[in-house]
Amino acid sequence: MLPPGSSGVNTRWSTSDVTSDVTSDGALITFMPTARNASTADNATTPEPTPPQTPNPSSDSGCSSNSNLNPDSDRSSNPTPDSDRSSNPRRYPERSSNPRPDRPASPFAGRRIRAALIGTGAIARGSHLPALARLAEEGETEIVAAVDIDADSVKRLCAEGGIPHPYTDLRRMLDEQRPDLVSICTPPTLHREQTVAALRAGAWVWCEKPPVPTLADFDAVEAEEGTDGGPYAAIVFQHRFGSGARHVGRLLAERALGRPLVAHCQTTWYRDAAYYAVPWRGRWQTEGGGPAMGHGIHQMDLLLDLLGPWSEVRAMAGRLVHDLETEDVSTALVRFENGALATIVNSVLSPDEVSRIRIDCERATVELTHLYGHSNDNWRITAAPDVPEEEAARWRDFGADVPSSHLEQLRELVASMRAGERPRSSGADGRTSLELITALYKSAFTDTTVLAGDIGPGDPYYTALHGGAPGWAPRVTEASAAARGEEVSA
């Protein structure tokens with residue numbers, strides 16, 4: 001059956017057609033389909049079957065096909081045990097098959113986890129559906145429903161994917177199907193309302209990045225999460241997952257390579273005028289931010305996952321080519337709590353596209369070079385001259401190759417659900433990259449150094465990444481072309 005209508009949970013959206021609706025605060029949101037000839041990995045990643053180094057033009061944000069969310073719940077339930085999280089073993093916990101003895105048996109014990117897809121665009125079809133389907137083959141999940149206001153699109157997806165229940169109304173689907181897990185693949189401005197609706201219905205959430213447009217939105221989602229045992233909302237940060245990131249993370253956590261000293265994080269991609277001709281792109285309200293938010297967030301999140309908490313940031317941002325509300329390039333200097341210093345570059349102006357992380361430690365340099373996803377071969381470890389070759393060889397042994405992917409993150413999320421544990425990339429762990437990005441914008445637009453924890457209620461950047469800054473806040477009466485060539489530096 002295909003239930004008609006909409007119930008007002010901000011369900012009036014489509015990932016495959018031009019769509020407008022009014023949100024709960026009365027704002028009109030309009031989304032357009034993805035320009036299929038534009039490069040398409042910004043808010044998405046390579047679909048699971050695709051080799052990690054091969055970009056997939058159809059997997060870019062369809063209507064922001066890839067939009068992630070990170071609800072950070074009760075931070076007190078996920079404390080950082082040490083001031084230096086680079087030695088924090090919780091990054092790679094050994095999961096127990098049994099939940100804590102004082103916790104009731106898992107509601108998912110002895111059965112498949114019922115999953116539903118929200119949004120039927122490129123990222124849903126190319127990454128979320130294949131990951132859920134693979135776990136269904138392994139007896140872990142069953143996909144019970146999909147939702148999109150485009151009735152034809154959701155019918156096609158369900159027919160192709162063997163999904164029994166197509167819906168055009170999110171609340172009705174939640175009420176009738178009662179899914180355990182909801183996979184959100186819609187534009188970022190819808191993530192807050194849809195995540196909250198799912199959490200209130202008792203479902204765990206796996207939401208595409210960017211998680212939500214602001215820290216205020218993130219904290220509002222966090223307040224809706226369960227306090228012990230879920231439901232929780234996790235953000236899709238699949239670059240953290242896979243054998244390469246796991247191996248390097250353990251080497252850093254164990255200090256096998258010595259103290260981390262210097263790092264570089266680079267997301268330098270190329271997007272032309274045709275890409276930004278899609279009306280919602282390059283706008284604060286609909287895309288959330290520029291390349292720092294929509295493109296570089298994956299590499300910045302991986303850097304934070306490897307190095308631990310940051311302490312201060314000093315940044316620059318500019319509009320050097322494109323006529324946008326947001327920036328098209330940004331750079332930053334970041335100090336970490338462990339003393340390491342890092343540079344960050346995010347650009348959509350770079351014909352030679354690359355994603356790169358480099359970490360120089362006392363005893364070795366670790367470097368990751370890829371584009372939209374990585375495998376073991378994308379990592380390189382160069383030992384210092386005095387390191388014994390036998391030890392360096394052990395560092396370079398990554399084991400079986402498990403590429404970064406939605407599937408690997410989903411495996412761990414399902415394990416967390418069954419154990420009744422908060423998953424990685426949720427709560428404080430999921431909030432950290434959004435906080436760094438927010439601080440990067442504030443530093444660039446105010447010409448100040450921003451400290452971790454500085455931005456909270458009452459700060460204009462808490463509720464808008466542009467902070468109302470002159471020359472950067474959305475212009476109502478002035479032609480946006482007047483902003484071309486403007487630059488803010490710290």
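**Notes on a predicted model**

1. Overall make-up. The secondary structure of the protein consists of 14 helices and 18 strands. The model is predicted, and the points below should be read in that light. The chain has 490 residues, and 60% of these count as buried.

2. Surface and contacts. About 17,700 Å² of the protein is exposed, with 51% supplied by carbon and sulfur atoms. Contacts across the sequence also deserve a look. Take those between residues at least 6 apart in sequence: 74% of them join residues at least 24 apart.

3. A helix pair. Start with α1, residues 122–137, and α12, residues 406–419. Their axes come within 9 Å. They cross at roughly 50°. Angles from 65 to 115 degrees would count as roughly perpendicular, and those under 35 degrees as roughly parallel. The crossing falls in neither range, and α1 and α12 are therefore oblique to each other. The handedness of this crossing is right-handed.

4. Who makes that contact. On the α1 side, the residues are I123, S127, H128, A131, L132, R134 and L135. On the α12 side, they are H406, L407, L410, R411 and V414. By type, the residues of this contact divide into seven nonpolar, three polar and two charged.

5. The loop before α12. D401 sits in the loop between α11 (389–395) and α12. Is D401 buried or exposed, or partly exposed? Its relative accessibility is 42%, so D401 counts as partly exposed. Which residues does D401 touch, leaving aside neighbours within four places in sequence? They are S243, S375 and N376. S243 is 158 residues away from D401 along the chain, yet the C-alpha atoms of the two are separated by 6.0 Å.

6. Two cis peptide bonds. One joins K209 to P210, with omega near -10°. P210 belongs to the loop between β8 (204–208) and α5 (215–222). Another cis bond links G230 and P231, where omega is about 5°. P231 is in the loop between α5 and β9 (233–235). Check both bonds in the viewer.

7. Positive phi at R255. R255 is not a glycine, but its phi is positive, at about 60°. Where does R255 lie? It is in the loop between α6 (243–253) and β10 (260–270). With a relative accessible area of 31%, R255 is partly exposed.

8. Positive phi at D447. D447 is likewise a residue other than glycine with a positive phi, near 60°. Its loop runs between α13 (427–446) and β17 (450–451). D447 has 41% relative accessibility and so counts as partly exposed.

9. A buried threonine in α13. T438 lies in helix α13. Its relative accessibility is 0%, so T438 counts as buried. What does T438 touch, not counting residues up to four places away in sequence? The partners are L215, I455, Y461 and L465.

10. A buried tyrosine in a loop. Y372 is placed in the loop between β15 (364–370) and β16 (379–383). Loop position does not leave Y372 open here: at 4% relative accessibility, Y372 counts as buried. The cut-off for buried is under 20% relative accessible area. Y372 and S355 are 17 residues apart along the chain, and their C-alpha atoms are separated by 7.3 Å.

11. A buried threonine in α8. T286 is found in helix α8, residues 284–287. At 6% relative accessibility, T286 counts as buried. How far apart are the C-alpha atoms of T286 and P187? The separation is 7.6 Å, for residues 99 apart along the chain.

12. Points to revisit. For the helix pair, return to the oblique crossing of α1 and α12. For the backbone, look again at the cis bond from K209 to P210 and the one joining G230 and P231. Then compare the positive phi of R255 with that of D447. For the interior, inspect T438, Y372 and T286, each of which counts as buried.

Definitions and conventions
Residues numbered from 1 in each chain as written. Predicted model: local features only at pLDDT ≥ 70, side-chain atom pairs only at ≥ 80, totals over all residues. Heavy atoms only, no water. Axes fitted to C-alpha atoms, helices over the stretch in contact; angles between N-to-C directions. Helix = DSSP H or I, 4+ residues; strand = E, 2+ residues; numbered from the N terminus. Parallel < 35°, antiparallel > 145°, perpendicular 65-115°, else oblique. Left-handed = near helix turned anticlockwise from the far one by under 90°. Contact = heavy atoms within 4.5 Å. Nonpolar A, V, L, I, M, F, W, Y, C, P; charged D, E, K, R; others polar. Buried < 20%, exposed > 50% of the residue type's maximum accessible area, 1.4 Å probe, protein only. Areas by Shrake-Rupley, 256 points an atom, 1.4 Å probe, with all protein chains shown as cover.
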